[in-house]
Amino acid sequence: MKYVVDSSVALKWVLPEADSAKAIRLRDEYRNGTHELLAPDIFPSEIANGLASAERQKRIRTGESAIFLNDILAAAPALHPSAPLLIRAMELAISTKQAVYDCIYMALAEANGCQLVTADDQFARALRTSYPFIISLVALP
């Protein structure tokens, strides 16, 4: 199966949160060749931002953000250029009232004819009816 994964899923690979086990299983299945994972090239920056926030909030120890970033990037999805996706992402952002950053992931999933997996349940619930290819991590088997 081919999936686009957003940073909310990948952060669960290293941060102990609800549904981390599902995220880790998806990553492990990708490593074993069961799934193909894709992400736009903004993925590493979003991961770094999420980890820096976790460290500032004391959710992880000082210095762990760099270690965790390397861990995530070692198992990173295949990265795709975001520039060709920007026009479609902007159209999606305007019509859905969502951030362009999130819509880049949507545009990548559309372009590849696959599902977008997110751990952002609010995002998934808001868009699931109009964009059924968006699935919540919790919905994965």
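A crossing of two helices is called right-handed if the near helix is turned clockwise from the far one by less than a right angle, and left-handed if the turn is anticlockwise. Keep that in mind while touring this model, which is a predicted one.

Begin by selecting residues 86-96, which form helix α5, together with residues 100-112, which form helix α6. Two packed helices are described by the angle between their axes and the distance between the axes. Here α5 and α6 pack at an angle of about 120°, with their axes 8 Å apart, and the two helices are therefore oblique to each other. When you turn the view so that one helix lies in front of the other, you are looking at a crossing of α5 and α6 that is right-handed. To see what makes this contact, show Leu86, Arg88, Ala89, Met90, Leu92, Ala93 and Thr96 on α5, and Val100, Cys103, Ile104, Met106, Ala107 and Glu110 on α6. Of the residues in this contact, ten are nonpolar, one is polar and two are charged.

Next, select Lys12, in the loop that lies between α1 (7-11) and α2 (20-31). Is Lys12 buried or exposed? With a relative accessible area of 10%, Lys12 falls under the 20% limit and therefore counts as buried. Leaving aside residues up to four places away in sequence, Lys12 touches several others, including Glu17, Asp19, Ala119 and Leu137.

Finally, select Tyr131 and Phe133, both of which are buried. The structure holds one aromatic pair, and because the ring centres of Tyr131 and Phe133 are 6.0 Å apart with their planes at 80°, the pair is edge-to-face.

Note on methods: Residues are numbered from 1 along each chain as its sequence is written. This is a predicted model: local features need pLDDT of at least 70, side-chain atom pairs count only at pLDDT 80 or more; totals for chains, interfaces and linings use all residues. Side-chain values use heavy atoms; hydrogens and water are left out. Rings of Phe, Tyr and Trp (its six-membered ring) pair if their centres lie within 6.5 Å; planes under 30 degrees apart count as stacked, over 60 as edge-to-face and the rest as tilted. Buried means under 20% relative accessible area, exposed over 50%, partly exposed in between (1.4 Å probe, protein chains only). Axes are lines fitted to C-alpha atoms, for helices over the stretch in contact, and angles run from 0 to 180 degrees between N-to-C directions. Helices (H or I, at least four residues) and strands (E, at least two) are DSSP runs, numbered from the N terminus. Angles under 35 degrees count as roughly parallel, over 145 as roughly antiparallel, 65 to 115 as roughly perpendicular and the rest as oblique. Contact means heavy atoms within 4.5 Å. Ala, Val, Leu, Ile, Met, Phe, Trp, Tyr, Cys and Pro count as nonpolar, Asp, Glu, Lys and Arg as charged, and the others, Gly among them, as polar.
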